[in-house]
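Welcome, and please open the model in your viewer. We will go from stop to stop, selecting a few residues each time.

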Amino acid sequence: MLRFADWLKISSVPDKLAIAQHDELQRQIPMLYAVLSVNAVAVAITHFHVAPLYMTLWIPLVLVTMSTLRAIAWKLRPRMEVNAAGAIRMLRRTTMLAAFIAFAYISWSLGLYGFAQDEQRAHVALFIATTVIGCIACLTYLPQAAFLVTVIVMVPYLSYQLSMGGPIYTAIAFNILLVLIMLIRVLLNNFLGFQKLVEARVEGERLHEEVTHLANTDTLTGLPNRRYFFSKSTAMMERCTRDGTALVFGTIDLDRFKAANDTFGHALCDTLLAEVAERLRDALGKEAMIARLGGDEFAFVMETDLRRAEQLAQAACRRIAQPFHMGETKITIGASCGLAMRSDEHTNIVSLYDQADYALYYAKNHQRGSSITYSAKLDQTMRQQRRLETALQNADYEAEFDINLQPIVRLSDFHIVGGETLARWNSPTLGAVAPAVFIPLAERLGLINRLSLVLLGKMLRTLGQMPRSVVLGFNLSAYDLASEETVAAIADCIRESGVDASRLVLELTETAMLRDLELAHRAMEEFHALGARIALDDFGTGQSSLSYLHKLPIDVVKLDRSFIVESRMTRSRDLLQAVITLCRTMGLPCVAEGVEETEQLDMLRAMGCENIQGNLFSAPLTVAQFEDMVKEAPGRSVSVA
Ligand code: C2E
Ligand code: CA
Ligand code: CA
């Protein structure tokens with residue numbers, strides 16, 4: 001009973017069903033009013049001469065006008081989308097109105113009965129039967145209303161008939177009741193079918209949504225995938241171009257992810273990627289549409305000004321640089337980001353993506369772990385970079401590269417005790433390029449090993465032609481030590497040159513030694529075995545841990561220029577003094593680099609530093625100039641205690 005009352009009150013209709021009912025009714029209700037009006041007019045006409053005017057004109061006029069107005073209202077009502085609450089409201093209103101209209105019409109019809117002759121009574125009975133059947137048919141999608149209409153019409157009609165007696169009309173009334181009961185039954189069945197259809201459609205829509213979601217999502221991170229991201233961002237870009245509003249495109253690439261993948265395995269790094277996505281979402285916020293483009297590459301677009309995008313991107317890089325704790329394992333990676341801002345010159349999203357990617361490329365090579373924004377200036381820098389890369393890649397090393405030698409002198413008597421070999425590149429397309437530029441570039445492009453060997457060859461040939469007293473330093477890159485083949489090739493090159501290897505000092509930086517301590521150690525042993533010596537270069541720039549001096553076979557320490565420059569400050573001076581004293585006690589000769597001023601020279605002398613190198617004595621010289629200088633003032637080799 002309670003459930004029936006609930007059903008009648010339309011209180012537990014599922015949302016989608018209510019909306020579907022609403023849509024169907026919107027089509028059928030006007031027909032209902034049309035049936036009502038036409039039938040009422042017909043009855044009014046047949047009773048015109050027998051019933052009073054208010055029954056055949058005024059009342060029907062009111063009823064028909066009301067029906068017509070409702071029909072017009074329904075017809076004119078825009079076919080708008082309703083939400084579930086609106087649909088349910090409308091279903092309730094329609095049910096109530098149907099009950100009211102049924103009541104009004106049946107009261108009028110039974111009123112007419114009093115005046116009717118036999119034939120006209122037949123018409124009224126027919127009117128009631130056809131009208132109710134018509135109305136019920138129109139109310140297929142609102143069974144509650146159909147049911148109420150049936151009850152409201154049939155209860156008074158039957159009661160009236162029974163009270164009036166007369167077998168024919170009572171039989172007709174019962175016939176009608178029977179048909180109506182059957183009709184309501186059929187209607188309920190149909191409605192059940194309709195309900196199932198709607199449910200199936202809803203399920204279909206849900207499945208479709210799920211499939212679409214899967215097709216658009218990167219399963220690992222739950223972020224939009226490449227395809228979806230580009231279709232969405234294209235639409236965003238078109239809108240922003242139309243409205244002239246800001247749009248920033250960002251690309252993000254993880255630093256050291258491949259190494260993490262190799263070390264920790266794919267399974268853990270898949271989880272790592274999901275956590276990276278989480279941090280990106282956190283840092284970039286809701287404004288950004290973030291996607292994983294593949295591998296360890298992410299991208300985002302946001303409709304915001306450049307300053308805000310830059311702040312958010314920097315924050316994202318910082319967040320990702322913080323260690324990830326994955327169970328017992330702690331993984332530290334990083335992220336670099338490239339940004340590009342939409343302007344009118346961009347014709348499509350790809351051109352914006354290219355610029356962001358260009359900036360990312362720059363960030364990865366020059367400012368790892370941070371965000372760089374594409375600009376015309378950056379473009380110029382990168383073009384210059386590309387020119388450099390192309391020139392270096394296509395360079396004829398033998399012809400274009402040369403060596404300079406910078407004298408190293410003993411402080412006590414300014415005797416030249418040796419020199420450092422410094423590479424010089426005279427590119428036919430770019431002119432002179434500084435080693436601080438081309439050495440890191442050669443390292444990045446994987447060209448350094450080949451270049452080192454060419455330079456070493458040149459240096460050894462030069463050394464071979466110089467007086468036996470001359471000792472030369474030669475810089476090796478960290479990448480040279482990292483490759484066993486290159487180490488072997490260097491050793492071969494020294495052996496084959498026929499030059500006494502004891503006249504050679506190989507300069508290695510702390511970072512080169514630290515890269516792979518074991519490998520570096522072995523290489524150093526190999527060079528030692530040949531008779532060459534090892535200098536620890538640029539001491540004072542890296543971590544400058546003095547423990548290497550004990551652990552590694554180092555023969556000479558070269559104190560970095562910055563160490564000397566900063567020695568104006570007391571703390572640095574104390575440190576410099578400590579290092580020089582330590583070297584002395586260990587019997588390691590020191591060379592102070594970049595000495596430019598006599599004050600520095602005096603200070604170093606007072607501290608007990610034996611050798612200096614720097615522009616104060618001589619800038620790097622051509623081989624011929626160096627030879628002349630050595631002839632004028634023949635020196636001795638850097639002595640190793
Ligand atoms: P480095 O090994 O520290 O070389 C010393 C640098 O200091 C040289 O710069 C030299 O010209 C500069 N220098 C010398 N005296 C002074 C001075 O009084 N004041 C100042 N401001 N600078 C001074 P350069 O020739 O530009 O070389 C730069 C760096 O490039 C070198 O630093 C070295 O790391 C690298 N490099 C040069 N040649 C080679 C090479 O053949 N192979 C490798 N792997 N690296 C090289
Ligand atoms: Ca050096
Ligand atoms: Ca140095």
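Where is the place of Phe115? Select Phe115 and you will find yourself in the loop between α4 (84-113) and α5 (118-138). Helices here are DSSP runs of H or I with at least four residues, strands are runs of E with at least two, and both are numbered from the N terminus.

Before moving on, some ground rules: this is a predicted model, in which local features need pLDDT of at least 70, side-chain atom pairs count only at pLDDT 80 or more, and totals for chains, interfaces and linings use all residues. Residues are numbered from 1 along each chain as its sequence is written, chains are lettered from A and ligands numbered from 1 in the order in which they are written, and side-chain values use heavy atoms, leaving out hydrogens and water.

**Stop 1: a nonpolar patch**

Stay with Phe115, which has a relative accessible area of 31% and is partly exposed. Buried means under 20% relative accessible area, exposed means over 50%, and partly exposed lies in between (1.4 Å probe, protein chains only). Now add Phe48, Leu53, Tyr54, Leu57, Trp58, Ile59 and Leu61 to the selection: with Phe115 they make a nonpolar surface patch of about 720 Å². Patch residues have over 30% relative accessible area and no salt bridge; like charges are joined within 9 Å, and nonpolar side chains (Val, Leu, Ile, Met, Phe, Trp, Tyr) within 5 Å. The areas come from the Shrake-Rupley method with a 1.4 Å probe, and for residues only the protein chains shown count as cover.

**Stop 2: the start of helix α11**

Select Leu306 in helix α11 (residues 306-321). Leu306 is partly exposed at a relative accessible area of 25%. Leaving aside residues up to four places away in sequence, Leu306 touches Val248, Met341 and Thr373, where contact means heavy atoms within 4.5 Å. For a sense of distance, pick Phe257 as well: 49 residues separate Phe257 and Leu306 in sequence, and their C-alpha atoms are 28 Å apart.

**Stop 3: Lys364 and its partners**

Select Lys364, Asp253 and Asp255. A salt bridge here is a side-chain nitrogen of Lys or Arg within 4 Å of a carboxyl oxygen of Asp or Glu, and by this rule there are 28. Lys364 forms one with Asp253, with the closest N and O atoms 2.7 Å apart. Because Lys364 lies in helix α12 (residues 349-366) and Asp253 in strand β1 (residues 248-255), this pair ties together parts that are 111 residues apart in sequence. Lys364 is buried at 18% relative accessibility, and Asp253 is buried at 15%. The side chain of Asp255 also meets that of Lys364 in a salt bridge, at 2.7 Å from N to O.

Next, try Asp379 and Arg383, whose side chains form a salt bridge at 2.8 Å, N to O. The two are four residues apart in helix α13 (residues 376-394), so about one helical turn separates them. Asp379 is buried at 12%, whereas Arg383 is partly exposed at 47%. Back at Lys364, add Arg368: salt bridges with shared partners join Asp253, Asp255, Lys364 and Arg368 into one network.

**Stop 4: two calcium ions**

Which residues coordinate the calcium ion (ligand 2)? Select Glu420 (OE), Asn475 (OD1), Glu507 (OE) and Asp537 (OD), at 2.1 to 2.3 Å. Donors are N, O and S atoms within 2.8 Å of the metal (3.2 Å for Na, K and Ca); water is not among the atoms, so sites may look incomplete. Along the chain, the donors of ligand 2 follow the spacing E-x54-N-x31-E-x29-D. Glu420 lies in strand β9 (residues 416-427) and Asn475 in strand β11 (residues 472-475), so this pair ties together parts 55 residues apart in sequence.

Now move to the calcium ion (ligand 3), which Asp537 (OD), Asp538 (OD) and Glu593 (OE, listed twice) coordinate at 2.2 to 2.4 Å. Asp537 bridges the two calcium ions, which lie 3.6 Å apart. Asp537 is buried at 6%, while Asp538 is partly exposed at 26%.

**Stop 5: the nonpolar cores**

Finish with Phe527, Leu559 and Leu604, the residues with the most contacts inside the largest nonpolar core, which has 77 residues. A nonpolar core is a set of buried Ala, Val, Leu, Ile, Met, Phe, Trp, Tyr and Cys residues joined through side-chain atoms within 4.5 Å. Helix α16 (residues 448-465) gives this core its largest share, eight residues. A second, separate core of 64 residues includes Ala20, Tyr105, Phe127 and Leu139.
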